[in-house]
Amino acid sequence: MDLNKLFKAMLVAIPMMAISACSSTSDSETDATSSNSSTNSGSELATGGVETGGVAPVLTPAEQQRIKYQELRKEHIIYFDFDRSSVSAQFAEVLQAHGEYLIEHPNVRVMIEGHADERGTPEYNIALGERRAKAVAKFLQGMGVLPSQMSIVSYGEEKPLDMTRTDDGFAVNRRAVLVY
Amino acid sequence: MKTLGKWLFLGLVVMSMPARAALDIVITEGVDAARPIAVIPFVWQGQGPMPQQISDVVMSDLARSGTFKPLDELSLPQTNISKVSQFVAKDWSNVGAEAVVMGSVKPYGDDQYLVKFELVDLVKAQMQSNAGPQSSNEYLLDSRETVVSLAQFRQYGHRISDIVYEKLTGTRGAFLTRIAYVVVKHGEKSPYHLMISDYDGHNEKMLLRSPEPLMSPSWSPDGSKLAYVSFENKKAEVFIQNIYTQSRAKITSYDGINGAPVFSPDGKKLALTLSKDGQPEIYVVDIETKALKRVTNHYAIDTEASWFKDGKSLIFTSERGGRPQIYKVTLSSGKVERLTFEGEWNLGGSVSPDGRSMIFVNRTNGKFNIARMDLETRFMQVLTSTRLDESPSVAPNGTMVIYGTTYQGKQVLAAVSTDGRFKARLPAGQGEVKSPSWSPFL
């Protein structure tokens, strides 16, 4: 009976954990701290009927920045406009997070994959994919990441993420991926 | 009644499944304009059933050429004849066709068969029959015989089609040719397959399977080797593989792009794209010595080279004008000339075998289609109306283009005649099919 209850609780808890693990957008900083405090206050001990409470630790701005970048680094993909290879402002922050990390860890190497959507010819798209990967490398190098830490490969239109061949699908496929 | 209907339906489904060919050609446009021709089923002169009907191969070849439309066997006034001497011209006076193909197959020893065929000029026969009896040899256009094994039946059928096609059109037939293409079966451990088959999709064979992408297969001028790009080492590298011996040689593996290889007309060099010095540029590499010669030098993308038949110049795609367009470069002088101006983009060009036109991908109003341009007059014609067309490859006789397109959400191969009148689709059995390359004459 108790096992059954536990099982039910797990059924609820596991998807919740999965959801929180998935959230890696820019506002996830606040999500992370609030979920931490709620788990702190929620622990109920089986014996004696006492409950404990707690608060989230006070973070210095540097620590906050570190946590934010940690979250941002979960995002490995930068998307591009059609036939374009410039890094748009919305992805600059993601690249900054990766850049900081690479500067702090000069022994870490990253592979930057460039991809294109399925429009145009495969050979032209290889060139376009390389230009996207290079734009990312140039951005990181501009921050101070060593060229020796980065390598580049273009897969053109050969490895689409989305195979629907719709405008939405094309948008998902026009990307650079950071692979550590 | 209902059950009968169900069984009929099931029967149809089973029948419509491709039995032998992995790529089954569906003619989508252009049968009306084709020239009627009569192909009489070849007469079997052996015991038991005929092992394989060669004339079926001839009939489908002629239909797929877009130039001819074989008549229904049931409408022919004479069948079961194999020689012009058995041909009764007056019986054929009302048949609206220009020629008759007939022949016979006879056992000729262990797994050997004597195949004979004759090609009759029906128009001449009809005219002479009105003028009174004549010697039947007067209207015999061609007559040949050869001994083949059962395994060579299809091949000899294509040979007959080549002869018929050339006799009637003056252009060499391209039926005895192969195509190379890439099949991607997403979800498999090694999804990327380099395949070859006869031009009609029969005799499909796998040359290479890889967990990483394979791209841009391209034939050597003698049809014995393929150059292609493989990412098997997590980077683009150009290989040449012998299709008979399976031996492979790595030709280039520079930093960055190693792509779009094409054999020179003498088979000794490859034109290809390398980005080792920054931007993608066209180079020529000597296959034997691996010596490189840089052809283009521009900060924009240069790629997709194709040779003129004299080996002295190339066409290539360049973004130097802001958008991808096709340019010509003379190898000795390095002089570059822009060829395309119409439409938003023009790319992926190849020179036709006669050197008078080029076939390429044109983008107009955001749509990608196959187009042809006369190099003399610069007249451009869009040939296709399919979706996301790419990778056009011209048949060695210049009459047909095979290309990659999208049909019902999948990448498939399609064909279009270089005049744009005949269109056909080659639906894929499994997976996505792309990057077709038509072999030279075999």
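In what order do the elements of chain A run from the N terminus on? Select chain A and trace the chain: α-α-α-β-α-β-α-β-α-β. Keep in mind throughout that this is a predicted model.

**Stop 1: chain A**

Count the elements as you go. Chain A holds six helices and four strands. Next, colour by burial. Of its 180 residues, 31% count as buried. Then look at the contacts in chain A with a separation of 6 or more: 70% of them join residues 24 or more positions apart.

**Stop 2: where chain A touches chain B**

Show both chains. The contact takes 17 residues from chain A and 27 residues from chain B. Select helix H5 (122–143) and strand E3 (150–156) of chain A; these are the elements that give two or more residues to the side touching chain B. H5(A) gives the most, with six residues. Now colour the chain A side by class. You should find six nonpolar, four polar and seven charged residues.

**Stop 3: two crossing helices in chain B**

Move to chain B. Select helix H2, residues 54–64, and helix H4, residues 153–169. Their axes come within 8 Å and cross at roughly 50 degrees. That angle makes H2(B) oblique to H4(B). The crossing is right-handed.

Show the side chains at the contact. From H2(B), pick Ile54(B), Val57(B), Val58(B), Asp61(B) and Leu62(B). From H4(B), pick Phe153(B), Arg154(B), Tyr156(B), Gly157(B), His158(B), Ile160(B), Ser161(B) and Val164(B). By class, the contact has eight nonpolar, three polar and two charged residues.

As you look at the spacing of these picks, recall some helix geometry. An α-helix has 3.6 residues a turn, so residues three or four places apart point the same way.

Stay on H2(B). How many of its eleven residues are buried? Nine are, and the helix is mostly covered. The buried set includes Ile54(B), Val57(B), Val58(B), Asp61(B) and Leu62(B), each of which also takes part in the contact with H4(B). Ser55(B), Met59(B), Ala63(B) and Arg64(B) are buried too. Step just past the end of H2(B) to Gly66(B). Its phi is positive, about 80 degrees.

**Stop 4: Lys124(B)**

Select helix H3, residues 122–130 of chain B, and find Lys124(B) in it. Is Lys124(B) buried or partly exposed? Lys124(B) has 17 other C-beta atoms within 10 Å, so it counts as partly exposed. Now add Ala99(B) and draw a distance from C-alpha to C-alpha. The two residues are 25 apart in sequence and 9.1 Å apart in space.

**Stop 5: a four-stranded sheet**

Still in chain B, select strands E11 to E14. The four form an open sheet in the order E11-E12-E13-E14, with antiparallel pairing. Which strands stand at the edges? They are E11 (214–219) and E14 (248–252). Each has a single partner strand, so one side of each is left without a neighbour in the sheet. Look along the sheet to see the twist, which averages 25 degrees from one strand to the next.

Zoom in on E13(B), residues 237–242. Four bridges join E13(B) to E14(B), and the two run antiparallel. One place to check the register is Gln241(B), which stands opposite Arg248(B) in E14(B).

**Stop 6: a hairpin**

Select strands E19 (302–307) and E20 (313–318) of chain B. They pair in the antiparallel sense over four bridges. Asp302(B) has Ser318(B) in E20(B) as its bridge partner. Five residues lie between the two strands of this hairpin. In the turn, click Gly311(B), whose phi is positive at about 70 degrees. Then colour E19(B) by burial. Six of its six residues are buried, so the strand is largely enclosed by the rest of the structure.

**Stop 7: positive phi outside glycine**

Finish with two residues of chain B. Ala260(B) lies in strand E15, residues 258–263. Its phi is near 50 degrees, a positive value in a residue other than glycine. With 31 C-beta neighbours inside 10 Å, Ala260(B) counts as buried.

Then go to Ser391(B), in strand E27, residues 387–394. Ser391(B) is not a glycine, yet has a positive phi of about 50 degrees. Ser391(B) is buried, with 27 other C-beta atoms within 10 Å.

Note on methods: Residues numbered from 1 in each chain as written. Chains lettered and ligands numbered in written order. Pairing = 2+ DSSP bridges. Axes fitted to C-alpha atoms, helices over the stretch in contact; angles between N-to-C directions. Parallel < 35°, antiparallel > 145°, perpendicular 65-115°, else oblique. Left-handed = near helix turned anticlockwise from the far one by under 90°. Contact = placed C-beta atoms within 7 Å. Nonpolar A, V, L, I, M, F, W, Y, C, P; charged D, E, K, R; others polar. Buried ≥ 20, exposed ≤ 12 C-beta atoms within 10 Å, placed from the backbone.
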